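Trainee: I have a structure to read and some questions to ask. Can we go through it together?

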Amino acid sequence: MLHSNQFGNNFLWGVTIAAAQNEGAYNAYGRGTSIWDQFSKRKGKIKNNAKPYIACDFYHRYKDDLLLVKALGFKVFRFSISWSRILPEGVGKINKEGVLFYHKVIDECLQLNIIPFITLYHWDLPQALENEGGWASHQLIKWFSKFVTICAEEYGDKVKNWIILNEPMGFTSLGYMLGKHAPGKTNMVTFLSAIHNAVLAQAEGGRIIRHYVANATIGTTFSCSEVIANSDKQQDIAAANRMDILLNRLFIEPALGMNYPNADFAFMDKLHLHTKAWKYTERMRFDFDFIGIQNYFPITIKHSSIIPFIQATDIKAKTRKVPYTALGWEINADSFYRIIQKFAAYENVKSIIITENGACFKDELKQGIIDDKDRILYFEKYLNSLLNAKMDGLKVDGYFAWTLMDNFEWNEGYNARFGLIYVDFLTQLRTIKNSGYWWRSFLTN
Ligand code: NOJ
């Protein structure tokens, strides 16, 4: 039987949530509007036109929810700070009540002997800043630095573990190119600027935390997916390589001081030229103490001449007779091992934490029980791969499950359930799923 003690005493076991997906209390206690509040008003953008307004009501229920974190046996609680709660207009006046809220969450963690991990940006930009161009504006670094400085000064005495950005590829591509996430933009130039500003912000954020917080452990997180070519044909291999650059290399390599990947790929030429990247190698670099990787599935890619720039398309798991989750994401734990191996191979990566991993399934509450066998199986397989990675000497030092409880899954609304705890969104009643109990025996006993 798999048990956490096989990973050694210092391995960090955590669970992750995010402000916009959990907190609710969207227009109370002085909080300003975020891009997700605004985006959710646009018809058809989010399944069932769901809104993040109440979510899991974590704002009011954080004490009980932290007791659940404790009960399941996690040592680490990763949560994000809502920029709009601290600075309702993005810059300018500080909302004291918002600042106080996170003090209370942190104090409660410390009281329970749970290590708080702060994510500074998990996708919820203040709308006031989006109105000025958001991540595509060159002012972003200035705005972000202000926000990070406030957080560092407020919480730095109590919180030593910091994550600067959550999945920059996620929020820049889905938000500024594909229009599927807030703020819903679909513009190549905006996308290129957003990428560069995010790369600069992740490094600058690191420097600010280093400056203000004594003994800080600083990381930032990247989404990643092993990219598998659909055939041995040269065209498919080249297509997979382009996808790999975008999905796996674009944000980490400049952070490691390697600048943006240089490749025979029109998109990269555009990015280098648009950002004048050659001038910024040093500013884009930061000596992170750890790199957070978030992995859910691999993708299989073939060449497609109709897709602009990337000229590649993925072949859905459903059509390939492989197991997949309720969101159609391939379940493949061997690929999880290989992606850890890939990131661990970077010389300048000191330590890796899996800052998110988990699965969405159609959970059914029957007589007070959620028997989510598929999710348990998913965790068993992925954690087995993780153990192999650890045993093989790969520098992985922690794993955080996504996520504590079902929450607002962005454009999927409330139907995509990833939690270890089931939430009835009408009553806010929480029910620990069997996967939650599985985690408890994995971590304790
Ligand atoms: C990545 C994101 O960081 C998180 O917010 C999201 O809910 C999960 N993956 C699942 O899609």
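What follows is a short exchange on a predicted model.

Trainee: Which residues come nearest to the ligand?
Mentor: Start with the shell. It holds 13 residues around the ligand. By class, 6 are nonpolar, 4 are polar and 3 are charged. Those that come nearest are Q21, H122, N166, E356 and E409.

Trainee: How far is a polar side-chain atom of H122 from an oxygen atom of the ligand?
Mentor: Look for N or O atoms within 3.5 Å of each other; such a pair is a polar contact. H122 has a polar side-chain atom that fits, and its distance from a ligand oxygen is 2.8 Å.

Trainee: What is the distance from an oxygen atom of the ligand to an N or O atom in the side chain of W410?
Mentor: Take W402 beforehand. An N or O atom in its side chain lies 3.4 Å from a ligand oxygen. For W410, the distance is 2.9 Å.
Trainee: And how much of the ligand's area does the protein bury?
Mentor: Consider the ligand alone. It then exposes 290 Å². The share of this that the protein buries is 95%.

Trainee: How do the rings of F408 and W410 pair: stacked or edge-to-face?
Mentor: The structure holds 53 aromatic pairs. In this one, the ring centres are 6.3 Å apart and the planes meet at 70°. Planes over 60 degrees apart count as edge-to-face. So the pair is edge-to-face.

Trainee: Is F408 buried or exposed?
Mentor: The cut-off for buried is under 20% relative accessible area. W410 has 4%, so it passes. F408 has 0%, so it counts as buried.

Trainee: What kind of pair do W439 and F442 form?
Mentor: Both sit in helix α16 (residues 434–443). They are 3 residues apart, so about one helical turn separates them. Their ring centres are 5.3 Å apart, with planes at 85°. The pair is therefore edge-to-face.

Trainee: Which strand runs antiparallel to β8?
Mentor: Take β6 (residues 227–229) as a contrast. It joins β8 (residues 299–303) by 3 bridges, and those two run parallel. The other partner also has 3 bridges to β8, but runs antiparallel. That strand is β9 (residues 312–314).

Trainee: Which residue in β8 stands opposite A229?
Mentor: Keep the two pairings apart. H303 stands opposite A312 in β9. Opposite A229, the β8 residue is I301.

Definitions and conventions. Residues are numbered from 1 along each chain as its sequence is written. This is a predicted model: local features need pLDDT of at least 70, side-chain atom pairs count only at pLDDT 80 or more; totals for chains, interfaces and linings use all residues. Side-chain values use heavy atoms; hydrogens and water are left out. A residue is near a molecule or strand if one of its heavy atoms lies within 4 Å of it. A polar contact is a pair of N or O atoms within 3.5 Å; within protein, one must be able to donate a hydrogen and the other to accept it, and residues adjacent in sequence count only if both atoms are side-chain atoms. Accessible areas come from the Shrake-Rupley method with a 1.4 Å probe; for residues, only the protein chains shown count as cover. Ala, Val, Leu, Ile, Met, Phe, Trp, Tyr, Cys and Pro count as nonpolar, Asp, Glu, Lys and Arg as charged, and the others, Gly among them, as polar. Two strands pair if DSSP finds at least two bridges between them. Helices (H or I, at least four residues) and strands (E, at least two) are DSSP runs, numbered from the N terminus. Rings of Phe, Tyr and Trp (its six-membered ring) pair if their centres lie within 6.5 Å; planes under 30 degrees apart count as stacked, over 60 as edge-to-face and the rest as tilted. Buried means under 20% relative accessible area, exposed over 50%, partly exposed in between (1.4 Å probe, protein chains only).
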